[in-house]
Amino acid sequence: MAFIHPMVIENMTAGVNVCNSHFGEIVEGGRKLREVLVEITRPRENLPIVEWAEKWVADIPYSPIQGRFRVKNSPMLSAVMGAIASRRIRTVIVVACVQSGKTLAPEIALAFLVANEPGAAMWLDLTDASAKDQAEGRLRPLFENCEPVKALFNPDRNKMRNSTMIFSNGMTLWVAGQNNKKNLQRRSLRYVFGDETWLWEPGRMAEAEARTTAFRHGKCVFMSQGSFEGDDTDKKFKQSSQGEWSFACPSCGEVQPFEWKHLEWDRAPDGSPTRVRLVCRKCGRDFPNGVETRRELNASGRFVFANPAASHIAGFHWNALATMDWADLARQYLAAKAAADKGDISDLTVFYQKRLAEDWTTEKTEAAFDSLSEILDEVMTPANLNSVAEGGEYGVFFPLCRWDSTVAATSDGVRRSQAATWVGVVQG
């Protein structure tokens with residue numbers, strides 16, 4: 001007969017007593033564990049992400065296009081969503097015009113990951129307050145209109161708060177602000193989504209990427225409008241594959257991006273744009289402004305990559321010429337240019353960043369003030385400058401903000417200087 005040490009018998013007895021006293025908790029814990037195991041081992045739908053989204057996203061409550069998700073409404077989103085779902089790609093960066101789906105694509109991709117590739121995730125907005133709005137106004141309504149994700153809602157409401165969602169398959173999603181350093185600390189994340197990175201504090205994008213390195217298939221997804229030359233968003237996009245949304249001319253077959261320099265218009269007697277059209281850069285065909293024209297061009301669209309060797313960092317860019325009425329764009333540009341000619345480039349900066357999704361650069365500043373310098377040459381003569389002291393109509397001019405060159409008023413007229421760095425002047 002085998003000898004069993006009394007201490008072993010004592011420990012076994014204590015263990016039985018503990019099991020008896022916590023039997024109900026153990027049974028409940030086992031039940032929950034079984035549910036999780038069943039969920040994470042269940043067969044997944046073998047559908048590409050776009051097909052999955054068209055099947056399961058029944059409505060996007062915050063979208064101007066009501067009803068089921070249909071990629072034909074915004075065909076450039078297909079490649080973005082595919083890149084997010086790909087295990088081969090570590091980083092995705094989308095730089096696009098406002099109100100064109102640049103945030104919607106990652107939101108739908110996040111829903112796909114919750115249902116098919118669960119892992120610890122964080123959605124970073126600008127601040128904790130804006131993150132709360134993102135969770136309440138966009139993510140939660142989207143999840144509720146996607147049956148595979150809604151089925152994973154935890155029955156414990158305390159685990160489905162807007163800032164922290166713990167799904168029944170074990171996946172946790174945090175929604176927080178990038179401005180709070182604590183939000184990125186002490187967390188190992190498989191997925192990080194970051195919106196409006198052009199407004200982020202320097203270094204935050206790198207911190208976000210560092211949170212995913214422990215995972216073999218970790219991924220960061222960044223979204224932004226145009227930013228400023230040399231900032232973190234600009235640098236990350238230049239490291240990427242730099243895909244530009246392009247169309248094929250139906251007449252000559254030339255594949256080309258939607259470029260602002262190829263948008264032309266005539267001028268009405270009141271100066272407003274008329275007969276707005278996009279011109280093929282090769283054969284010169286005019287494409288008239290209209291929804292059907294944009295739909296036709298986008299139907300032939302695809303991304304052309306300027307840096308395909310950077311396959312692990314997928315970059316995507318498109319501007320409002322692919323998504324917005326061209327006459328409206330022309331009017332906005334002319335108004336912004338008129339303001340710039342008077343010394344205020346703020347509207348022009350907004351146009352380039354939000355509509356064309358381009359970085360604002362020193363060269364753009366200098367170009368904007370080429371015409372201003374001609375105006376100053378006419379206005380800021382010694383006689384007019386002397387009138388300032390006498391309360392003349394020209395008033396006093398003040399600098400707006402600092403840049404790489406200046407147009408300065410002096411006693412003998414207008415002088416350019418590379419030593420000072422301010423952007424322009426405003427009349428006081």
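1. Trp-260 and Trp-265 are both buried. The two rings form a tilted aromatic pair, with 5.9 Å from centre to centre and 50° between the planes. This is a predicted model, and the points below should be read with that in mind.

2. The Trp pair belongs to a wider group. Ring pairs join Trp-260, Trp-265, Tyr-333, Phe-351, Tyr-352 and Trp-360 into a cluster. Two of these names return in helix H12, residues 346-355, where Phe-351 and Tyr-352 are among the buried residues. Leu-348, Thr-349, Gln-353 and Arg-355 of H12 are buried as well. Just after H12, Ala-357 has a positive phi of about 55°. Over the whole structure, the search gives 19 aromatic pairs.

3. How do the rings of Phe-303 and Phe-316 meet? Their planes stand at 70°, so the pair counts as edge-to-face. The ring centres are 4.9 Å apart. Phe-303 sits in strand S12 and Phe-316 in strand S13 (residues 313-318), so this contact ties together parts 13 residues apart in sequence. Are the two residues buried or exposed? Phe-303 is buried, and Phe-316 is too.

4. One contact pairs a charge with a ring. The charged end of Arg-187 lies over the ring of Trp-174, at 4.5 Å from the ring centre.

5. Now the largest pocket. Its space comes to about 1000 Å³. The lining has 38 residues, and those closest to the centre are Ile-65, Ser-74, Gln-99, Ser-100 and Gly-101. Two elements give two or more residues to this lining: helix H6 (128-144) and helix H10 (291-299). Which of the elements gives the most? H10 does, with five residues. By class, the lining holds 16 nonpolar, eleven polar and eleven charged residues.

6. The second largest pocket has a volume of about 350 Å³. Its lining counts 18 residues, and Phe-237, Glu-244, His-317, Ala-357 and Asp-359 are the closest to its centre. Ala-357 is thus a point to check twice: the residue with the positive phi of about 55° just after H12 is also one of those closest to this pocket centre. Helix H9 (232-239) and strand S12 (302-305) each supply at least two lining residues. H9 gives the most, with four. S12 also carries Phe-303 of the edge-to-face pair. By class, this lining has six nonpolar, five polar and seven charged residues.

7. How many disulfides are there? The count is zero. Cys-252 is in none, and the nearest cysteine sulfur, that of Cys-280, is 3.6 Å away. Cys-283 is in none either; here the nearest cysteine sulfur is again that of Cys-280, at 3.7 Å. The cut-off for a disulfide is 2.5 Å between the sulfur atoms, so a distance of 3.6 Å does not qualify. A distance of 3.7 Å does not qualify either.

8. Exposure of these cysteines is worth a line. Cys-252 is partly exposed, with a relative accessible area of 28%. Cys-283 is partly exposed too, at 39%. Both values fall between the limits of 20% for buried and 50% for exposed.

Conventions:
Residues are numbered from 1 along each chain as its sequence is written. This is a predicted model: local features need pLDDT of at least 70, side-chain atom pairs count only at pLDDT 80 or more; totals for chains, interfaces and linings use all residues. Side-chain values use heavy atoms; hydrogens and water are left out. Buried means under 20% relative accessible area, exposed over 50%, partly exposed in between (1.4 Å probe, protein chains only). On a 1 Å grid over the protein atoms alone, a cavity is a set of points where a 1.4 Å probe fits but cannot get out, and a pocket is an open set with protein on both sides within 12 Å along at least five of seven lines; lining residues have an atom within 4 Å of a point. Grid points are joined across faces, edges and corners, and a volume is the space filled by probe spheres set on the points. Ala, Val, Leu, Ile, Met, Phe, Trp, Tyr, Cys and Pro count as nonpolar, Asp, Glu, Lys and Arg as charged, and the others, Gly among them, as polar. Rings of Phe, Tyr and Trp (its six-membered ring) pair if their centres lie within 6.5 Å; planes under 30 degrees apart count as stacked, over 60 as edge-to-face and the rest as tilted. A charge sits over a ring if NZ of Lys or CZ of Arg is within 6 Å of the ring centre and within 35 degrees of the ring normal.
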